[in-house]
Amino acid sequence: MNLTVNDFFRGLLLEAGMSPASTTVHHMGIDAREISYRWESWEGTPLIVTTVCRLVEKKGVEFALRALAALAASHPQIDWRYDIIGDGPLRMDLERLAAELGLTGRVTFLGSLPHMEVKRRLRAAHLFLLPSVTASNGDMEGIPVALMEAMAAGLIAVSTVHSGIPELIQDLETGFLAPERDVSTLAGKLAWVAEHPKECEAVALAARRKVEEEFNADELNERFARIVTQLAALGSANESTRQISFAKVLTGSLPADTAPQ
């Protein structure tokens, strides 16, 4: 049986010829109880944007920088700063790009930080920016846990329509999405957030609920354990029967008398 971390990857398996009964999605999750929710409006203060990631192509930090440069040009009245936490092979290139875009003084590359310092920086931030893209070598995200953690903490998440991210973020409902590499649209989303702090509070609360209800690590792990246990109980069946029963397990239609006691 094949478990994928998002619906997007499951769709790729189905396109490759896998049967629907032999595949299902098992999302990653977090323990939101360990992350305190805190809403902090940026009305009257600079918008603090942050990214926490390894500085590699698929994280899309290049497009974050380009979108913020576009924002600075189109909305010079918006006061913001951007903190990038993390290190990686693209750091020097990204620092050079930030300088070329005229962002020196507004963008800070903080490198890798201790966990407690990362948490402190996130508590001080308003917006979590992660415009993920498909890398030139095909590397893709699953559903970034960093987005889940930011949303649980009360930050506004701005990301892209990439891989499984739309399964976590519904545009304008639990966060904001732009197409991959679409600098103009991404800058527009950032501008809207910057100018509408009051409206964003409801988005932040909906994002927290989304994580609690659908990306709860304890519940996801219990579901996974039930699937494994029920499949093991059906292990003596032939392949076709196992696939039919597996589909019933996933849809919740497996007869109660076949479940393990």
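Two strands count as paired here if DSSP finds at least two bridges between them. Keep that in mind for the exercises below, which all use a predicted model.

**Exercise 1. Find the partners of β6 and say which residues are bridged.**

Start with the β7 side. Four bridges join β6 to strand β7 (residues 156-160), and the two run parallel. Now pick out individual bridges: Leu-127 has Ile-156 as its bridge partner in β7, and Leu-130 has Ser-159.

Next, turn to strand β3 (residues 47-52). Two bridges link β3 to β6, again in parallel. With a cut-off of at least two bridges, β3 and β6 pair. One bridge to look up is Thr-50 of β3 with Phe-128 of β6.

**Exercise 2. Place these strands in their sheet and identify its edges.**

As a reminder, strands of a sheet pair through backbone hydrogen bonds, either parallel or antiparallel.

Step one is the order. Six strands make an open sheet that reads β5-β4-β3-β6-β7-β8, with parallel pairing. Step two is the edges: β5 (107-111) and β8 (176-178) each pair on one side only. Step three is the twist, and neighbouring strands in this sheet are turned against each other by 20 degrees on average, ignoring direction.

For a spot check at the β5 end, look at strand β4 (residues 80-85), which is joined to β5 by four bridges and runs parallel to it. Among the residues involved, Asp-83 has Thr-108 of β5 as its bridge partner.

**Exercise 3. Are the faces of β6 and β7 covered or bare?**

The cut-off you need is under 20% relative accessible area for a buried residue. Take β6 (residues 127-130) to begin with. On one side sit Leu-127 and Leu-129, on the other Phe-128 and Leu-130, and all of these are buried, so both faces are covered.

Then do β7. Ile-156, Val-158 and Thr-160 lie on one side, Ala-157 and Ser-159 on the other, and again all are buried. That's five of the five residues of β7, so this strand is largely enclosed by the rest of the structure.

For the wider picture, buried residues make up 44% of the 261 residues in the protein.

**Exercise 4. Work out how α2 and α3 are arranged, and what the contact is made of.**

Two packed helices are described by the angle between their axes and the distance between the axes. For helix α2 (residues 61-74) and helix α3 (residues 91-100), the axes come within 10 Å and cross at roughly 10 degrees. That makes α2 roughly parallel to α3, since angles under 35 degrees fall in that class.

Now list the contact: Val-61, Glu-62, Leu-65 and Arg-66 come from α2, and Leu-94, Leu-97 and Ala-98 from α3. Sorted by class, the contact holds five nonpolar, no polar and two charged residues.

**Exercise 5. Repeat the analysis for α5 and α8.**

Geometry comes up front. Helix α5 (residues 145-153) packs on helix α8 (residues 197-214) at an angle of about 125 degrees, and the axes are 7 Å apart. The pair is therefore oblique. As for handedness, α5 passes α8 in a left-handed crossing.

For the contact, Met-148, Met-151 and Ala-152 of α5 meet Ala-204, Ala-207, Arg-208 and Val-211 of α8. The class count is six nonpolar, no polar and one charged.

Terms used
Residues are numbered from 1 along each chain as its sequence is written. This is a predicted model: local features need pLDDT of at least 70, side-chain atom pairs count only at pLDDT 80 or more; totals for chains, interfaces and linings use all residues. Side-chain values use heavy atoms; hydrogens and water are left out. Axes are lines fitted to C-alpha atoms, for helices over the stretch in contact, and angles run from 0 to 180 degrees between N-to-C directions. Angles under 35 degrees count as roughly parallel, over 145 as roughly antiparallel, 65 to 115 as roughly perpendicular and the rest as oblique. A crossing is left-handed if the near helix is turned anticlockwise from the far one by less than a right angle, and right-handed if clockwise. Contact means heavy atoms within 4.5 Å. Ala, Val, Leu, Ile, Met, Phe, Trp, Tyr, Cys and Pro count as nonpolar, Asp, Glu, Lys and Arg as charged, and the others, Gly among them, as polar. Buried means under 20% relative accessible area, exposed over 50%, partly exposed in between (1.4 Å probe, protein chains only).
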